[in-house]
Amino acid sequence: QNSRERPKIGKMRAIPTWVDKVHDRDKVEQCIWDLAFRPDGSQLIAAAGNRVLVYDTNDGTLIQPLKGHKDTVYCVAYAKDGKRFASGSADKSVIIWTSKLEGILKYTHNDPIQCVSYNPVTHQLASCTSSDFGMWSPEQKSVSKHKISSKVTCCSWTNDGQYLALGLYNGCVSIRNKNGEEKVKIERPGGAISPIWSLEWNPSKDEPFDVLAVADWSQKLSFYQLSGKQVGKDRNLGYDPCCLSFFSRGEYLVCGGADRQVSLYTKEGVKLGAVGEQQSWVW
């Protein structure tokens, strides 16, 4: 085989180690809006209905359902040191939980929380809504909030914790510093008809510069430097993407959405194949 040729990969099968169909008290199936692993991989937290479910990743045992929100939980995130995690809800509140599953702090916005993300270095928490985003840190008593012109659908911190990328419903990406000030604005070709629905910085420490992966509803996957300069070309996905996530070392990424499956891609966005199918959209 010519070493320059990419090996042909057929249908890849991810083998489920465990499955849990989540229901509420009335036996109605619940949508899972978000998932986050504890950094050591020992636990998985899931946003399901108005609860946060905590699972043992080895066998799928439900360790505890956490009740603190009064409406649908849309987003969850774990701090990189594994000591805290956060949940954001349609009830307009963010709850900070300890690794011992105790709620220790709650703060609110004026609108439902769309996404949350912990700074990997300072453990500052970003929480975003349709009208603003907030920054909370353990040493601050108040949450600093910043108005924004469009709904924030997704957010991600750079590896050094210096910048926060916000994906907006109007099709733009806004890159902010730790004080919330906009440093770079990326305007995507699709504009307002192509909302940004997921983005994430490549976590690799080996890349020569920070690389931001952006998926929008023009069915494109694109990559950018911190300066806003595009890296490589747009990759056509062929479906509306709802979520993307890099492998922990950044060598691959997975993406899912309206095609009801999860697909594996190289870090440059070349599709390798589908790794799992679902009955509905993958969020």
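The following questions and answers deal with a predicted model and the reasons behind some of the terms applied to it.

User: Why is Val52 called buried?

Analyst: Val52 has 0% relative accessibility. Buried means under 20%, so Val52 counts as buried. Val52 is found in strand β3, residues 51-56.

User: What is Val52 in contact with, leaving aside its neighbours within four places in sequence?

Analyst: Contact means heavy atoms within 4.5 Å. Val52 is in contact with Ile45, Ala46, Gln64, Pro65, Leu66, Val73, Val76, Phe85 and Ser87. As for Gln30, its C-alpha is 12 Å from that of Val52 in space, and the two are 22 residues apart in sequence.

User: Why is strand β6 described as largely enclosed by the rest of the structure?

Analyst: Strand β6 covers residues 84-89, and 5 of its 6 residues are buried, so the strand is largely enclosed.

User: How do you know that β5 and β6 pair?

Analyst: Pairing takes at least two bridges between two strands. β5 (residues 73-78) and β6 have 5 bridges, in the antiparallel sense, so they count as paired. One of the bridges joins Val73 to Ser89 in β6. The two strands form a hairpin with 5 residues between them, and Gly82 in the turn has a positive phi of about 75°.

User: What makes β6 and β7 a pair as well?

Analyst: There are 5 bridges between β6 and β7 (residues 93-98), again antiparallel, and at least two are needed. Phe85 has Trp97 as its bridge partner in β7. This hairpin has 3 residues between its strands, and Lys92 in the turn has a positive phi of about 75°.

User: Which classes of residue line the second largest pocket?

Analyst: The lining has 1 nonpolar, 4 polar and 4 charged residues. Ala counts as nonpolar, Asp, Lys and Arg as charged, and Gly as polar. The lining residues are Asp24, Arg25, Gln30, Ala48, Gly49, Asn50, Arg51, Lys67 and His69. The space in this pocket is about 200 Å³.

User: Why does Thr158, a residue in a loop, count as buried?

Analyst: Thr158 lies in the loop between β13 (152-157) and β14 (163-168). Its relative accessibility is 0%, and the limit for buried is under 20%, so Thr158 counts as buried. Beyond residues up to four places away in sequence, Thr158 touches Pro120, Tyr163, Trp201, Asp210 and Leu226.

User: How far does the backbone nitrogen of Gln162 lie from a polar atom of the side chain of Thr158?

Analyst: The distance is 3.4 Å, and a polar contact takes N or O atoms within 3.5 Å.

Definitions and conventions
Residues numbered from 1 in each chain as written. Predicted model: local features only at pLDDT ≥ 70, side-chain atom pairs only at ≥ 80, totals over all residues. Heavy atoms only, no water. Buried < 20%, exposed > 50% of the residue type's maximum accessible area, 1.4 Å probe, protein only. Helix = DSSP H or I, 4+ residues; strand = E, 2+ residues; numbered from the N terminus. 1 Å grid on protein atoms, 1.4 Å probe; cavity = no way out; pocket = protein on both sides within 12 Å on 5 of 7 lines; lining within 4 Å. Points joined across faces, edges and corners; volume = space filled by probe spheres on them. Polar contact = N/O pair within 3.5 Å; in protein donor to acceptor, adjacent residues only side chain to side chain.
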